[in-house]
Amino acid sequence: MRVGLHYGGTDTSMPLVDLARAAEEREFESLFVPEHSHIPTARKTTFPGGGEMPERYLRLWDPLVGLSFVAASTNLVVGTCTALPGGHDPISYAKAVATLDVMSGGRLVLGVGFGWNNDEFEDHGFDARDKYAVVEEKIALMKALWTEEDAAYEGTYVRLSPSRVRPKPLQRPYPPLLLGVRPGRIGFRRVAKWADGWIPMGHNVVDTLEDDLKELRVEWERVGRDPAGIRVTVLQALRPGLGDVLDRFREMPVDRVIVDIPTESGDVLLPVLDEIAAQAF
């Protein structure tokens, strides 16, 4: 099991490349970042964490641009947790993802989600009631561009006339595509239908994950897929006894744990990285 970091970096916190270099020096395997294109000021969607939304949500770097600098400056695996493809044109986004995968030497992991902020989603031109269908169609269109020489797609919400595009991703057929959803039959059916694996929703899932993975395996087998191929990346909060939690994950079919670190300056974060590394390795 590999251990990486999840960092909601901004223009006022420790610079992303500096953080990445410090992570690599401490032998972390990967760096994952979140995404929000923008936060509508007059928002009807409540913050799922309760209370006021943290200011960092207003200032997050663009993930693919930020991760390109990380990939150029380190040998870390770079990933999104989670990207929001519903907020992108799928044609240009597919090309950007493929470009980063090729230029990083195949080190990209694409964690995607549907997004909690319906106001943000609707600003990109779709009704929030159609969110799940829109995202799934955009993913299907991107897969066509990544895998077909003459790609085409005709959906209800997005379409692509027969087209050719390069580069194709270095990883075949495309970078690992992990879907971040809550556990349960509906979410697991989506994971089994079109993703390569799962990012559990929540920051402390160690007590429930084993049972959830059994349920996911049922859905995986139901559609004729080998459950041995499920890729699981867990987002874990900082907490007392983190080393014991990581050891428990090592007993499960978990590929990677990314530890969520605060959006802070370097003088705060460097000791945090030392503390995590001491318990992880």
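**View 1. Aspartate 150 is partly exposed, with a relative accessible area of 46%.** Here, buried means under 20% relative accessible area, exposed over 50%, and partly exposed in between (1.4 Å probe, protein chains only). What you're looking at is a predicted model, so local features need pLDDT of at least 70 and side-chain atom pairs pLDDT 80 or more, while totals for chains, interfaces and linings use all residues. Residues are numbered from 1 along each chain as its sequence is written, and side-chain values use heavy atoms, without hydrogens or water. Arginine 164 is exposed, with 63% relative accessible area. The side chains of aspartate 150 and arginine 164 meet in a salt bridge, 2.8 Å from N to O (a Lys or Arg side-chain nitrogen within 4 Å of an Asp or Glu carboxyl oxygen). Aspartate 150 sits in the loop between α5 and β5 (151–154), and arginine 164 in the loop between β6 and β7, so the pair ties together parts 14 residues apart in sequence. Helices (H or I, at least four residues) and strands (E, at least two) are DSSP runs, numbered from the N terminus.

**View 2. Arginine 2 and glutamate 29 pair up through their side chains in a salt bridge of 4.0 Å, N to O.** Arginine 2 belongs to strand β1 (residues 2–7), whereas glutamate 29 is in the loop between α1 (16–25) and β2 (30–33), so this pair links parts that are 27 residues apart in sequence. The two partners fall into separate accessibility classes: arginine 2 is partly exposed at 38% relative accessible area, and glutamate 29 counts as buried at 17%. For the wider picture, the structure holds 15 salt bridges.

**View 3. Arginine 189 meets glutamate 219 in a salt bridge, side chain to side chain, at 3.2 Å from N to O.** This one runs between two helices: arginine 189 is in α6 and glutamate 219 in α7 (residues 209–222), so parts 30 residues apart in sequence are tied together. Arginine 189 counts as partly exposed, with 36% relative accessibility, while glutamate 219 is buried, at 7%. Elsewhere, salt bridges with shared partners join Arg2, Glu29 and Arg256 into one network. Flip back to View 2 for the link between Arg2 and Glu29.

**View 4. The largest pocket holds about 1,100 Å³ of space.** It's lined by 38 residues, and the closest to its centre are Pro48, Tyr57, Thr82, Trp116 and Met201. Which elements give two or more residues to this lining? They are β3 (77–83), α5 (131–147), β7 (177–181), α6 (185–194), β8 (197–200) and β10 (256–261). The largest share, three residues, comes from α6, the helix that also carries arginine 189 from View 3. By type, the lining of the pocket divides into 20 nonpolar, 12 polar and six charged residues. Nonpolar covers Ala, Val, Leu, Ile, Met, Phe, Trp, Tyr, Cys and Pro; charged covers Asp, Glu, Lys and Arg; the others, Gly among them, are polar. On a 1 Å grid over protein atoms alone, a pocket is an open point set with protein on both sides within 12 Å along at least five of seven lines, a cavity is a set where a 1.4 Å probe fits but cannot get out, and lining residues have an atom within 4 Å of a point.

**View 5. Searching the whole structure turns up two cavities of 30 Å³ or more.** The largest cavity has about 60 Å³ of space. Lining this largest cavity are Tyr7, Gly8, Gly9, Leu16, Val33, Pro34, Leu60, Trp61, Asp62, Pro63 and Gly66. That makes seven nonpolar residues, three polar and one charged.

**View 6. The second largest cavity contains about 40 Å³ of space.** Around this cavity you'll find Ile91, Ala94, Lys95, Ala98, Leu145, Trp146, Val165, Pro167 and Lys168. α3 (90–103) and α5 each supply at least two of the lining residues. Where does the largest share come from? α3 gives four residues to this lining. Seven of the lining residues are nonpolar, none polar and two charged.

**View 7. Proline 40 sits in the loop between β2 and α2 (63–73).** Proline 40 counts as buried, at 12% relative accessibility. How far apart are the C-alpha atoms of proline 40 and isoleucine 261? They are separated by 25 Å, with the two residues 221 apart along the chain. For a contrasting loop, look at leucine 170, between β6 (159–163) and β7. Leucine 170 is partly exposed, with a relative accessible area of 47%.

Technical notes
Grid points are joined across faces, edges and corners, and a volume is the space filled by probe spheres set on the points.
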